[in-house]
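Here is a short report on how one protein chain is put together. Keep the sequence and the 3D view open while you read.

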Amino acid sequence: MSAASPAQLPGQCRISSWNDSRFGKLRDLFDDSATATGYVTCTMNVKTLLNRCHPIKAFIYETARFVGQQIYVEVRPRRGSQGKCGECGCAGSTYDTARTPRYFEFIPLWGFAVFLVYCMRRINCPTCGIRTEQVPWADGKNQCCNVYRLFLARWARRLSWSEVAQIFGTTWNVVCRSVRWVVDYGLSNRSMDNIQSIGVDEVSIWDGHKYLTVVYQIDAGMRRLLWVGRERTAETLRGFFTMMGEERSELIQFVASDMWKPCLKVSASSTKSVGELGFGKTPKFMI
Ligand SMILES: [Zn+2]
């Protein structure tokens, strides 16, 4: 890697008529010599880009190099900073540093795959003993940077997972794991408190042969998907309230449903209300 050339990204463009008024503001950004020659040379370092878009506290981006069609950016700890224990997150002194670096895939840049290169430290944790450090740009032993996984998951909302993998030069499995990681994070951090109004709907899948039950929160200022269950039976809806728990279910005041038979059945009879599904109060139904 040392033989590779540094990855500077020079942009040089010839402007035929530099005095053209359309270039006024742009021209002011450059010095007189550029104006005189009609050439604008702006050298942008990958390190600068990374510091702008993905600064890492307590770490420094070092040289970026091309290796074939890939860009490798070395990362090192900021001088004097302590690593954090990979198990409990406590700061500790460095026990030793791996000789072989690990590679973390980053968001591709202009079609080039980008990797952060880092030699992991082992930390002398006061609680856990000697442990491999945790790094802020990736979780555990994952080989993708968190920012890249988030990037892939966002694209996966717009395109099929296969298309995302193809466009960004990765695999379907990486895209799948990225989506799962984002969903898991969302599930573990979502708040299900203070939900007062829900909407229950059915969605047909597999050419209309199968159904899913979906439950939305429809409170003013908070509309979101809460839950998805297989089939469209009363048992399915019961699953939602089980997930919510008794206390939070009792707070629900309104349930809106459209053409969903088990839900209509539940609403038609006061004895077959959501209350009868297991939890106290009977919500009002709007159909
Ligand atoms: Zn620890």
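The axes of α4 and α6 come within 8 Å and cross at roughly 95 degrees. That makes α4 roughly perpendicular to α6. The model is a predicted one, and this helix pair is a good place to enter it. At the crossing, α4 supplies R149, L150, L152 and A153, while α6 supplies V174, V175, S178, V179, W181 and V182. In general, two packed helices are described by the angle between their axes and the distance between the axes.

**Helix α6**

Take α6 by itself. It covers residues 172–189. At 1.5 Å a residue its 18 residues should span 26 Å, and the end C-alpha atoms are indeed 26 Å apart, so expectation and model agree. Which residues of α6 are buried? They are V174, V175 and S178. Seen down the axis, these fall within an arc of 105 degrees, so they line one face of the helix. The other side of α6 carries exposed residues: N173, R180, V183, D184, L187 and S188. The cover over the buried residues of α6 includes α4 (146–155) and α5 (161–167).

**Helix α4**

In α4 the buried residues are Y148, R149, L152 and A153. Their arc around the axis is only 135 degrees, which puts them on the same side of α4. What covers them includes α5 and α6, along with strand β7 (102–109). Three of these residues, R149, L152 and A153, are also listed among those of α4 that meet α6.

**C144, just before α4**

C144 sits in the loop between β10 (129–134) and α4. Is C144 buried or exposed? It has 22 C-beta neighbours inside 10 Å, so it counts as buried; the cut-off for buried is 20 or more. Leaving out residues up to four places away in sequence, C144 touches F104, E105, A138, R149 and V174. R149 belongs to α4, and V174 belongs to α6. One of these contacts spans a long stretch of chain: C144 and F104 are 40 residues apart in sequence, yet their C-alpha atoms are 5.1 Å apart.

**The open sheet**

β7, part of the cover over α4, also belongs to a sheet. Four strands form this open sheet in the order β3-β4-β8-β7, with mixed pairing. β3 (59–67) and β7 stand at its edges, each with a single partner strand, so one side of each is left without a neighbour in the sheet. Neighbouring strands here are turned by 25 degrees against each other on average, direction ignored. Helix α3 (residues 46–53) packs on the sheet and touches β3 and β4. The direction of α3 makes about 135 degrees with that of β3. Inside the sheet, β4 and β8 run parallel. In that pair, E74 has V117 of β8 as its bridge partner. In a regular strand the side chains alternate between the two faces of the sheet.

**The barrel**

Another set of 4 strands closes into a barrel, in the order β5-β6-β9-β10. Its pairing is antiparallel. Neighbouring strands of the barrel are turned by 60 degrees against each other on average, direction ignored. β5 and β6 form one of its pairs, and G83 bridges to G92 in β6.

**Strand pairs side by side**

β11 appears twice in the table, as it pairs with β14 and with β12.

| Strand pair | Direction | Bridges |
|---|---|---|
| β4 (residues 70–77) and β8 (residues 112–118) | parallel | 5 bridges |
| β5 (residues 83–85) and β6 (residues 91–97) | antiparallel | 2 bridges |
| β11 (residues 197–205) and β14 (residues 254–257) | parallel | 4 bridges |
| β11 and β12 (residues 210–219) | antiparallel | 8 bridges |

Two positions help to find the β11 pairs on screen. S197 is bridged to F254 in β14. V203 stands opposite L212 in β12.

**The whole chain**

How many helices and strands does the protein chain have? The count is 9 helices and 15 strands. Of its 287 residues, 21% count as buried. Among contacts with a separation of 6 or more, 52% join residues 24 or more positions apart.

Technical notes: Residues numbered from 1 in each chain as written. Predicted model: local features only at pLDDT ≥ 70, side-chain atom pairs only at ≥ 80, totals over all residues. Expected span 1.5 Å × (residues − 1). Buried ≥ 20, exposed ≤ 12 C-beta atoms within 10 Å, placed from the backbone. Arc of directions from axis to C-beta. Contact = placed C-beta atoms within 7 Å. Pairing = 2+ DSSP bridges. Axes fitted to C-alpha atoms, helices over the stretch in contact; angles between N-to-C directions. Parallel < 35°, antiparallel > 145°, perpendicular 65-115°, else oblique.
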